[in-house]
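This briefing covers backbone outliers, strand pairing and aromatic contacts. Have the sequence and the coordinates at hand.

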Amino acid sequence: MRIIDLHEDFAYSDQIGIDVINGDIQSSIKLLKEFDATIFASIFPHASKGFSLELLLDQIKFYYDLERKGYVRIVRNIDDFNKPGIKFLLSLEGLDSLRSYEDLYVLKELHINNIGLTWNYDNKFASSCFSKKDYGLTGEGEEVVKLANELGILIDLAHAGKRTLIDVVSTSKKPVIVSHTNVKKLKDHNRNLDDEEIELIVKTRGVIGITAIPYTLKEPTIQGIVESIRYIGESYGWEYVALGTDFLGIKETPKGFENILSIKELAKAIEGHEEEVLWKNAYRVIMEVIRS
């Protein structure tokens with residue numbers, strides 16, 4: 001079975017002592033061997049006092065060491081998606097560690113092909129979904145979007161404020177993604193998208209990754225995940241919905257969706273649309289944005 005998961009926190013979990021190689025946990029190299037898997041491997045350089053450049057570099061090195069040891073293949077260009085083995089697409093969650101938009105040149109050279117503008121904090125590029133004053137994109141943030149388009153880097157609006165999302169979709173010339181989120185109409189939470197935001201992502205021909213964060217679901221079960229998927233698929237089109245579990249980044253999982261192997265049960269529950277949701281939709285956006 002082929003899958004693309006738009007968000008997993010391998011490096012962060014390794015740093016806090018979790019066995020992400022052989023562990024029988026939410027996700028691991030051992031479990032991913034069951035699939036033809038492409039994982040958006042998160043770089044989350046967060047420390048107690050904010051975001052750290054040192055942590056960012058440590059997590060990048062962790063992923064390259066996994067590749068050196070033969071566990072994964074780092075996605076460098078679009079051809080890598082069709083090669084055998086577990087593929088990791090490096091994904092920076094929050095730009096707080098960057099000094100300016102020009103740092104994207106360095107990120108691209110390191111093969112970081114997906115960038116989330118914010119985490120749960122506002123920064124000099126954009127406001128987050130927990131902002132006290134949702135000011136949207138700054139001037140520097142607009143330059144990030146434009147340069148990301150030029151370099152072939154995906155723009156990820158998970159954790160972004162509504163004003164930020166509106167500004168990005170009006171600036172970007174390429175499809176954008178929301179890697180791990182849910183539906184505000186089903187569960188009112190800051191991390192979830194309302195109907196206007198969903199429609200704006202759809203207009204870019206982007207994709208929305210439904211997540212396994214229990215408190216963002218209408219009910220914290222696999223059925224809650226299915227309901228979110230079906231809401232977007234049936235209301236806005238099945239070509240715009242994908243999966244972004246947030247495995248290894250959440251403390252608890254929905255009942256019936258305890259680890260990455262549960263995707264097999266999810267596929268049965270959305271039979272007829274499983275290939276679209278589990279990989280084809282994300283693949284389409286990746287092929288359009290990332291240059292070889």
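Buried here means under 20% relative accessible area, exposed means over 50%, and partly exposed lies in between. The model is predicted. By that cut-off Asp 246, at 7% relative accessibility, is buried.

**Positive phi**

- Most residues other than glycine have a negative phi.
- Asp 246 has a positive phi, near 70°. Asp 246 sits in the loop between strand S11 (241-243) and helix H9 (263-269).
- Arg 205 also has a positive phi, near 65°, and is not a glycine. The loop that holds Arg 205 runs between helix H7 (195-203) and strand S10 (207-210).
- Buried or partly exposed? Asp 246 counts as buried at 7%, whereas Arg 205 is partly exposed, with a relative accessible area of 37%.

**Strand S2 and its partners**

- Strand S2 spans residues 36-43, and 7 of its 8 residues are buried, so S2 is largely enclosed by the rest of the structure.
- Strand S1 (residues 2-8) pairs with S2 in the parallel sense, over 5 bridges. One bridge joins Ile 3 to Ala 37 in S2.
- Strand S6 (residues 87-93) also pairs with S2 in the parallel sense, here over 6 bridges. Thr 38 stands opposite Lys 87 in S6.

**Aromatic pairs**

- A pair of aromatic rings is described by the distance of the centres and the angle of the planes.
- The count of aromatic pairs comes to 10.
- Phe 44 and Trp 119 form an edge-to-face pair, with 4.9 Å centre to centre and 65° between the planes.
- Which parts does this pair tie together? Phe 44 lies in the loop between S2 and strand S3 (46-47), and Trp 119 in the loop between strand S7 (112-116) and helix H5 (139-151), so the pair links parts 75 residues apart in sequence.
- Both rings belong to buried residues: Phe 44 has a relative accessible area of 7%, and Trp 119 is at 18%.
- Under 20% counts as buried, so Trp 119 at 18% qualifies.
- Ring pairs also link a cluster made of Phe 10, Phe 62, Tyr 63 and Phe 88.

**Arg 2 over rings**

- Which rings does Arg 2 lie over? The charged end of Arg 2 sits over the ring of Trp 279, 4.3 Å from its centre.
- Arg 2 also lies over the face of Tyr 283, at 5.0 Å from the ring centre.

Key:
Residues numbered from 1 in each chain as written. Predicted model: local features only at pLDDT ≥ 70, side-chain atom pairs only at ≥ 80, totals over all residues. Heavy atoms only, no water. Helix = DSSP H or I, 4+ residues; strand = E, 2+ residues; numbered from the N terminus. Buried < 20%, exposed > 50% of the residue type's maximum accessible area, 1.4 Å probe, protein only. Pairing = 2+ DSSP bridges. Phe/Tyr/Trp six-rings, centres within 6.5 Å; stacked < 30°, edge-to-face > 60°. Lys NZ or Arg CZ within 6 Å of the ring centre and 35° of its normal.
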